[in-house]
Amino acid sequence: MPHPLTVTPVATVIGGHQEPSDDYQGGVESVIRLHDGYPLETLQGLGEFSHLTVVWHFHRASPDDVALHARSPRGNPRWPATGTFVHRNHRRPNQLATSYPRLLRVEGRDLHVTDLDAVDGTPVIDLAPYFPQMGPRGPVSVPPWVAEMLPDYWREADQR
């Protein structure tokens, strides 16, 4: 097994979603606040981009939540049992997520975003602008159960 890797968060999510949820992630504004140890110039030019790539930690999860076995997504037996690395939730070994929120504006250390599916207090491990040229190449395919599982994922939060 590889040696442990130590990372230090670069920012924290302020506001936005207060509780983790499987769906209704859309339309909620939050702030990604860069930690004081980083000079403001590390954000220079970021405001020219429409979206960010944000790597964050499921900080409310416990290492005991990790599930290293095949299971049906969301516990739904209609969907096939799939392995740990097929799930996009906190039950993976490093409990990390990647999101692509829309950047609304930059104000000092505060990155105002919407459609970030992290909760208030979430440690941000890394952030960068989203470059479409570095996104997936070629057709993207997923099994049918993914669309069946996620029709409400980006539905506006106030539509619950």
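Author: A definition to start with: strands are DSSP runs of E with at least two residues, helices are runs of H or I with at least four, and both are numbered from the N terminus. What you see above is a predicted model, and N89 lies in its loop between β3 and β4.

Reader: Okay, what does N89 touch there, if I skip its close neighbours in sequence?

Author: Leaving aside residues within four places in sequence, N89 is in contact with F58 and R71.

Reader: And what makes the pairing of the N89 and R71 side chains a polar contact?

Author: The distance is 3.5 Å. A polar contact asks for N or O atoms within 3.5 Å, one able to donate a hydrogen and the other to accept it, so this pair qualifies.

Reader: Which residues lie nearest the centre of the largest pocket?

Author: N89 turns up again: F58, R88, N89, D117 and Y153 lie nearest the centre, out of 41 lining residues. The pocket's volume is about 1300 Å³. β4 (96-99) and α1 (144-149) each supply at least two lining residues, and the largest share, four residues, comes from β4.

Reader: How do the lining residues divide by character?

Author: Into 20 nonpolar, 12 polar and nine charged. For the second largest pocket, with a volume of about 320 Å³, the split is seven nonpolar, two polar and no charged. Its lining is M1, P2, H3, L5, V7, P93, N94, L96 and I125. Pro counts as nonpolar, so P2 and P93 go with that group.

Reader: On to T12. How do you know whether T12 is buried, exposed or partly exposed?

Author: Its relative accessibility is 23%. Buried means under 20% and exposed means over 50%, so T12 falls in between and counts as partly exposed. T12 sits in strand β1.

Reader: What joins the side chains of T12 and H35?

Author: A polar contact of 2.8 Å, and that fits the cut-off of within 3.5 Å. Beyond four places in sequence, T12 touches V31, I32, R33, H35, G121, T122 and V124. For G121, the C-alpha atoms are separated by 5.9 Å, although the two residues are 109 residues apart along the chain.

Reader: How about S21: where is S21, and what makes its exposure class what it is?

Author: S21 lies in the loop between β1 and β2. Its relative accessible area is 26%, and since that is neither under 20% nor over 50%, S21 is partly exposed. A polar atom of its side chain lies 2.9 Å from the backbone oxygen of D23. As for R71, S21 is 50 residues away in sequence and 19 Å away in space, C-alpha to C-alpha.

Reader: Last one: which members of the largest nonpolar core touch the most other members?

Author: I32, L52, L111, V124 and L127, out of 20 residues. β1 (11-14), β2 (29-34), β3 (52-57), β6 (110-114) and β7 (123-129) each supply at least two residues of this core, and β3 gives the most, with three. Membership needs a buried residue of a listed nonpolar type, Ile included, so I32 has to be under 20% relative accessible area. Among the contacts of I32 beyond four places in sequence are T12, L52, L111, V124 and L127.

Terms used:
Residues numbered from 1 in each chain as written. Predicted model: local features only at pLDDT ≥ 70, side-chain atom pairs only at ≥ 80, totals over all residues. Heavy atoms only, no water. Core = buried A, V, L, I, M, F, W, Y, C linked by side-chain atoms within 4.5 Å. Buried < 20%, exposed > 50% of the residue type's maximum accessible area, 1.4 Å probe, protein only. Contact = heavy atoms within 4.5 Å. 1 Å grid on protein atoms, 1.4 Å probe; cavity = no way out; pocket = protein on both sides within 12 Å on 5 of 7 lines; lining within 4 Å. Points joined across faces, edges and corners; volume = space filled by probe spheres on them.
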